[in-house]
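Here are my notes on the model you sent. They are set out as numbered points, to be read with the structure open.

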Amino acid sequence: MAFLLTKYLKTIVVFPLFFLNLIPLNFLPIIAEESISKLGVEYLDRNLDLDYILDHGDAIEIIIDKEAQFNTNFIIDSNGTITLPRLNRVYVAGLTINELKDILNQKYKEFLVDPNCTIKVTKYRPVKIILKGEVNKPGIYNLSRSGNSANVIPTIFDVLQKADGITIYSDLENIEIIRKDSITNGGGKKRTTINFLEVFSSGDLKNNLPLNDGDIVIVKKNKTPALQQIRSALETNLNPDTLNVMVSGRVNDPGLKSVYGSPSLNEVITIAGGTKTLKGKITFIRFDQSGRIIKRKFRYKPNSRSGSYENPFVKNNDMIFVGKSSFNVATEVISETTSPFTGLFSIYGLVKAITD
């Protein structure tokens with residue numbers, strides 16, 4: 001497995017000015033401007049609560065002394081603060097449990113002979129993941145921790161499944177993960193590249209890494225299609241079983257088709273009963289990941305290679321119009337296009353893209 005060692009961008013951690021009045025200066029953590037460190041899979045695979053970086057929405061229990069005189073439960077508020085006995089309101093977001101424990105032990109020496117704080121998370125905030133690249137629905141996803149004590153952490157598989165899975169061009173051997181580093185390690189970002197394909201090929205789940213809140217997952221693009229990936233994805237329910245494709249015009253059985261796997265345009269036309277005589281050109285329409293409309297117009301070639309320009313592999317919500325003029329296609333979009341296609345793009349924008 002290849003690991004990527006990078007120089008991380010400068011990290012500026014901003015404490016709102018009014019917090020300076022809430023926290024003694026010697027209580028503020030020391031923050032490094034730059035972090036250069038090596039990250040391997042073994043780091044990302046650690047599930048220890050001690051490495052968990054706290055933020056707003058987390059509920060924590062803090063036991064400050066052995067006699068449990070100051071046992072208290074807290075929820076970190078939207079400002080990243082909690083209110084502690086004798087210390088009042090303090091900023092804790094961005095600290096790991098170990099870091100917070102060390103700072104509190106140091107600070108409570110002003111009030112206690114031998115403070116020995118213990119801290120645990122009693123309720124975790126949702127895990128927000130930014131997913132980019134060659135997946136069916138890139139975007140920002142909120143995933144919940146589940147199970148007893150919320151110790152079941154979302155994984156790469158979970159966020160890919162949430163995004164309706166991978167495409168035939170996904171490069172599963174080079175999925176990049178970018179993660180926040182702790183203040184103790186200098187802050188900044190860490191990154192690694194993993195071979196997620198091994199999860200399918202060998203069943204080795206160590207590369208199905210658990211994800212942390214704020215992680216960025218980037219699925220890179222292959223230059224050539226990898227159909228075996230899609231087959232594996234379907235077998236493991238990573239991708240939905242079926243895709244919705246609209247087929248209209250001079251075919252024997254037009255309408256919305258639910259197709260299995262990742263068939264080509266010609267295969268979908270066959271599913272729609274094949275073309276009629278005097279069929280004319282095909283208008284192929286797709287919504288890309290950025291919301292733009294991709295339009296192709298070409299002659300029907302039943303022997304075209306799968307994945308070629310005239311016979312592309314279809315994706316969810318593709319539209320295929322056989323033997324229709326631009327005007328008739330636009331009219332049909334208005335009269336026949338229904339869910340799940342409505343809402344993907346404005347009717348005006350769609351008609352304009354077709355008729356241009």
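1. Helices and strands here are DSSP runs: at least four residues of H or I for a helix, at least two of E for a strand, numbered from the N terminus. On that basis the chain has eight helices and 15 strands. Keep in mind that this is a predicted model.

2. Overall figures. The chain has 356 residues, and 46% of them count as buried. Take the contacts with a separation of 6 or more: 63% of these join residues 24 or more positions apart.

3. One sheet is open, with five strands in the order S7-S6-S10-S8-S9 and mixed pairing. Its edges are strand S7 (139-143) and strand S9 (189-194), each pairing on one side only. On average, neighbouring strands in this sheet are turned by 20° against each other, direction ignored. Strand S8 (residues 170-180) runs antiparallel to S9, and six bridges join them. Lys180 has Lys189 in S9 as its bridge partner.

4. Another open sheet of five strands follows the order S12-S11-S15-S13-S14, again with mixed pairing. Here the edge strands are strand S12 (255-260) and strand S14 (293-299); each pairs on one side only. Neighbouring strands are turned by 20° on average, direction ignored. S11 and S12 run antiparallel and are joined by six bridges. Within that pairing, Val245 is matched with Lys257 in S12.

5. Look next at strand S15 (residues 319-322). Strand S11 (residues 242-249) pairs with S15 in the parallel sense, over four bridges. Strand S13 (residues 281-287) also has four bridges to S15, but runs antiparallel to it. Val322 appears in both pairings: Gly249 stands opposite it, and Ile282 has it as bridge partner. Which way do the side chains of S15 point? Met319 and Phe321 point one way, Ile320 and Val322 the other, and all are buried.

6. The largest nonpolar core has 25 residues. Leu131, Ile156, Leu160, Ile175 and Phe196 have the most contacts inside it. Two or more residues each come from strand S6 (127-133), S7, helix H3 (156-162), S8, helix H4 (197-201) and strand S10 (216-221). H3 gives the largest share, four residues. Apart from this core lies another, of 24 residues, including Leu54, Ile64, Leu100 and Tyr124.

7. Leu131 deserves a look. Leaving out residues up to four places away in sequence, Leu131 touches Pro138, Gly139, Tyr141, Val159, Leu160, Ala163, Val217 and Val219.

8. Helix H2 (residues 97-107) has buried residues at Ile97, Glu99, Leu100, Ile103, Leu104, Asn105 and Lys107. Note that Glu99, Asn105 and Lys107 are in that buried set. What do the buried residues of H2 pack against? They pack against strand S1 (59-63), strand S3 (81-84) and strand S5 (118-123).

9. Aromatic pairs. The count comes to four. In one of them, the rings of Phe196 and Phe200 have centres 5.7 Å apart and planes at 75°. Planes over 60 degrees apart count as edge-to-face, so this pair is edge-to-face. Are these two residues buried or exposed? The cut-off for buried is under 20% relative accessible area. Phe196 is at 0% and therefore counts as buried. Phe200, at 15%, counts as buried too.

10. Two arginines sit over tyrosine rings. The charged end of Arg145 is over the ring of Tyr124, 3.4 Å from its centre. Arg296 lies over the face of Tyr309, at 4.7 Å from the ring centre.

11. Finally, Gln229, in helix H5 (residues 227-235). Why does Gln229 count as buried? Its relative accessibility is 7%, and buried means under 20%. Not counting residues up to four places away in sequence, Gln229 touches Ile166, Thr167, Ser170, Leu172, Leu197 and Asn222. Gln229 and Tyr169 are 60 residues apart along the chain, with their C-alpha atoms separated by 8.9 Å.

How values were computed: Residues numbered from 1 in each chain as written. Predicted model: local features only at pLDDT ≥ 70, side-chain atom pairs only at ≥ 80, totals over all residues. Heavy atoms only, no water. Pairing = 2+ DSSP bridges. Axes fitted to C-alpha atoms, helices over the stretch in contact; angles between N-to-C directions. Buried < 20%, exposed > 50% of the residue type's maximum accessible area, 1.4 Å probe, protein only. Contact = heavy atoms within 4.5 Å. Phe/Tyr/Trp six-rings, centres within 6.5 Å; stacked < 30°, edge-to-face > 60°. Lys NZ or Arg CZ within 6 Å of the ring centre and 35° of its normal. Core = buried A, V, L, I, M, F, W, Y, C linked by side-chain atoms within 4.5 Å.
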